[in-house]
Amino acid sequence: MPAHPAVVLGIRPTLSVGLIPALFVCLAAPAFFVVRLPWLGWALLAAGMLVAWLVRAKADAEAETARASVLTASDAAPTRTPSLPRDLSLIALGLLIVSVIDLKAELDNLAFLRFGLALGGAVAVPYILSRFVYRDYAIRFPWRGGGRWTRFQWSWLVGVLVLGWVLLPFYFITSGVYMNWPVVNTPELIARLFVGVGAVGIWDELFFICTVFTLLRRHFPDWQANLLQAIVFVSFLWELGYQAWGPVLTIPFALVQAYIFKRTRSLTYVVTVHLLFDAVVFLVLVHAHNPGLLDGLFLV
């Protein structure tokens, strides 16, 4: 399939020194959200940006020397390629914005406001910088991309529901991680949980896939960009509450979502997949906090 229209791909060698700063930036996510050491996250982001600028400066100097040796002055028009420091700066900025809040799941009005401002800013600010300051349109949200869904895509939606129904109750209840979410024992709290789970699920795709993954694959092979974005994705989900052996589920989920996005070129489709999965998460949390309410729906 052709590349995603939002992605201007540069030279993407399998082994690249650019992986070093990209890894530093992505490792800031577990520093912020898993081990909860902000100073380590800041240090990793600073190191990543410094190395990225050094790598870019060296590459620009080598490219200029190569052009000068083979081209005349009239032919030596510069070719614009994706800038690694710029793209990593957008990811770093998004991580910094998210890191300023506590990601503990809460359902009060203040928590909704806190999450809305921080998560919304982590998507909006990099997008605005990319479009209006850097003017490279690196980040886009292809809601109408990908064309008509195939039979396999429709089948996968059913598969997601089945996998969620089988795996999620066992994970949440036997590990006890459902306690990382507040008790929902009234219609209002259940409604708030439904809205919160769905909103964060949509944000996951806007930031981790449309922003982090898309920016990384401008510089690295898709499989490397996917692994790097999964570090960020899974770290966020860890602090959000998917702990214990949750990464056994969240790592494959993050990798598959990026792969599906690359293949389908459709944000609408990956959001639909995510929301179906999160619908099962929502039902499991209600079930876990209210024994007897949905006992006939799940096996655990």
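Is cysteine 210 buried or exposed? In this predicted model, cysteine 210 counts as buried because its relative accessibility is 0%, and the views below begin with this residue.

**Close-up A. Cysteine 210 and cysteine 26, two buried residues without a disulfide.** The count of disulfides in the structure comes to 0; cysteine 26 takes part in none, the nearest cysteine sulfur being that of cysteine 210, 16 Å away. Seen from the other partner, the closest cysteine sulfur to that of cysteine 210 lies in cysteine 26, and the 16 Å between them is too far for a bond, since a disulfide requires the two sulfur atoms to be within 2.5 Å. Cysteine 26, like cysteine 210, has a relative accessibility of 0% and therefore counts as buried.

**Close-up B. Phenylalanine 236 in the largest nonpolar core.** This core comprises 85 residues, and those with the most contacts inside it are Leu95, Phe172, Leu216 and Phe236. When residues up to four places away in sequence are left aside, phenylalanine 236 touches Phe33, Val98, Leu103, Leu119, Val200, Trp203, Asp204 and Phe208.

**Close-up C. The salt-bridge network around aspartate 222.** Arginine 12 forms a salt bridge with aspartate 222, with 2.9 Å between the closest N and O atoms; this pair links distant parts of the chain, as arginine 12 belongs to the segment before helix 1 (19-33) and aspartate 222 to helix 7, 210 residues apart. Aspartate 222 also meets the side chain of lysine 262 in a salt bridge (3.9 Å, N to O), and because lysine 262 lies in helix 8 and aspartate 222 in helix 7, the pair ties together parts that are 40 residues apart in sequence. Through shared partners, salt bridges join Arg12, Arg217, Asp222 and Lys262 into one network. Within this network, aspartate 222 counts as buried at 18% relative accessibility, whereas arginine 12, at 26%, counts as partly exposed, and lysine 262 is partly exposed with a relative accessible area of 21%.

**Close-up D. A salt bridge within helix 6.** Arginine 192 pairs with glutamate 188 in a salt bridge whose closest N and O atoms are 3.2 Å apart, and both residues lie in helix 6 (residues 187-216), 4 residues apart, or about one turn of the helix. Glutamate 188 counts as exposed, at 51% relative accessibility.

**Close-up E. A nonpolar patch on the surface.** The patch is formed by Val158, Val162, Leu163, Trp165, Val166, Leu167, Phe170, Trp245, Val248, Leu299 and Val300, with about 990 Å² of accessible area together; its largest share, 7 residues, comes from helix 5 (residues 151-175). Tryptophan 245 is placed in the loop between helix 7 (222-240) and helix 8 (247-264), and at 33% relative accessibility tryptophan 245 counts as partly exposed.

Conventions: Residues numbered from 1 in each chain as written. Predicted model: local features only at pLDDT ≥ 70, side-chain atom pairs only at ≥ 80, totals over all residues. Heavy atoms only, no water. Patch = residues over 30% accessible without salt bridge, like charges linked within 9 Å, V, L, I, M, F, W, Y side chains within 5 Å. Areas by Shrake-Rupley, 256 points an atom, 1.4 Å probe, with all protein chains shown as cover. Salt bridge = Lys/Arg side-chain N within 4 Å of Asp/Glu carboxyl O. Helix = DSSP H or I, 4+ residues; strand = E, 2+ residues; numbered from the N terminus. Buried < 20%, exposed > 50% of the residue type's maximum accessible area, 1.4 Å probe, protein only. Core = buried A, V, L, I, M, F, W, Y, C linked by side-chain atoms within 4.5 Å. Contact = heavy atoms within 4.5 Å.
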